[in-house]
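Here are some notes for a colleague opening this entry for the first time. They are set out as numbered points, to be read with the structure in view.

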Amino acid sequence: MVQSKAASVDDFMDEVAPQCRPALDRLRGLCRERFGADSELMAFGMPAYGPPKLPWIAFNSQKQHIAFYVGESAMAAFPERLQGIDHGKGCVRWRKPEAMDFDLIADMLDHVKVRTQGG
């Protein structure tokens, strides 16, 4: 799934591979805890959180990995914890859902929340 045509995040979640669903449910839950269900939307064909035109956070289920788009600021805040994890300037990628570091994800979400909402 490169870019989903799902109308809602619920529809998106129904499309993902069964082996990825538990990890994506957990990731979605962490995003909703930080930013609220009312900030959830589909943007660029994936679940996203924040303002509609430029969301702060997004994630996607690709054929070979789960991608978590968190932005350059959050990536720069945790360089030592990203060692050994496939990542780019603003995105973290996991080939196996069970390898996802949810403590790191939660800390990155907290970083974005403080940066965008002041806490």
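1. In this predicted model, helix H2 and helix H5 cross with a right-handed sense. The axes of H2, which covers residues 21-35, and H5, which covers residues 102-117, come within 10 Å and cross at roughly 30°. Because angles under 35 degrees count as roughly parallel, H2 is described as roughly parallel to H5.

2. Which residues make up this contact between H2 and H5? On the H2 side they are Ala23, Arg26, Leu27, Leu30, Cys31, Arg34 and Phe35, and they meet Phe102, Ile105, Ala106, Leu109, Asp110, Val112, Lys113, Thr116 and Gln117 in H5. Sorted by class, the contact of H2 with H5 has 10 nonpolar, 2 polar and 4 charged residues.

3. Both helices also lie across strands, and the two cases are best read side by side. H2 lies across E1, E2, strand E3 (57-61) and strand E4 (66-69), and H2 runs at about 170° to E3. H5, for its part, lies across E3, E4 and strand E6 (91-94), running at about 25° to E4. The strands E3 and E4 are thus named for H2 and again for H5.

4. The strands themselves form an open sheet of 6 strands, in the order E1-E2-E3-E4-E6-E5 and with antiparallel pairing. Its edge strands are E1 (40-43) and E5 (86-87), each of which pairs on one side only. As general background, strands of a sheet pair through backbone hydrogen bonds, and they may do so in either a parallel or an antiparallel way.

5. Starting from the E1 edge, the sheet can be followed pair by pair. E1 is joined by 4 bridges to strand E2 (residues 46-49), and these two strands run antiparallel, with Leu41 standing opposite Ala48 in E2. In the hairpin of E1 and E2 there are 2 residues between the strands, and Phe44 takes a positive phi near 55° in that hairpin.

6. How many bridges join E2 to E3? There are 2 bridges between these antiparallel strands, and Tyr49 is found opposite Ile57 in E3. E3 then pairs with E4 in the antiparallel sense over 4 bridges, and here Asn60 stands opposite Ala67 in E4. The connection from E3 to E4 is a hairpin of 4 residues.

7. Further along the sheet, E4 and E6 pair over 4 bridges, once more in the antiparallel sense. Within this pair, Phe68 is placed opposite Val92 in E6.

8. For the chain as a whole, the protein has 5 helices and 6 strands, and reading along the sequence gives the pattern α-α-β-β-β-β-α-α-β-β-α. The C-alpha atoms fill a box of roughly 35 × 30 × 20 Å, taken along the principal axes. The radius of gyration of the protein chain is 13 Å, which agrees with the value near 14 Å that a compact globule of 119 residues would have.

How values were computed. Residues are numbered from 1 along each chain as its sequence is written. This is a predicted model: local features need pLDDT of at least 70, side-chain atom pairs count only at pLDDT 80 or more; totals for chains, interfaces and linings use all residues. Side-chain values use heavy atoms; hydrogens and water are left out. Axes are lines fitted to C-alpha atoms, for helices over the stretch in contact, and angles run from 0 to 180 degrees between N-to-C directions. Angles under 35 degrees count as roughly parallel, over 145 as roughly antiparallel, 65 to 115 as roughly perpendicular and the rest as oblique. A crossing is left-handed if the near helix is turned anticlockwise from the far one by less than a right angle, and right-handed if clockwise. Contact means heavy atoms within 4.5 Å. Ala, Val, Leu, Ile, Met, Phe, Trp, Tyr, Cys and Pro count as nonpolar, Asp, Glu, Lys and Arg as charged, and the others, Gly among them, as polar. Two strands pair if DSSP finds at least two bridges between them. The radius of gyration is taken over C-alpha atoms; the globule rule is 2.2 Å times the number of residues to the power 0.38.
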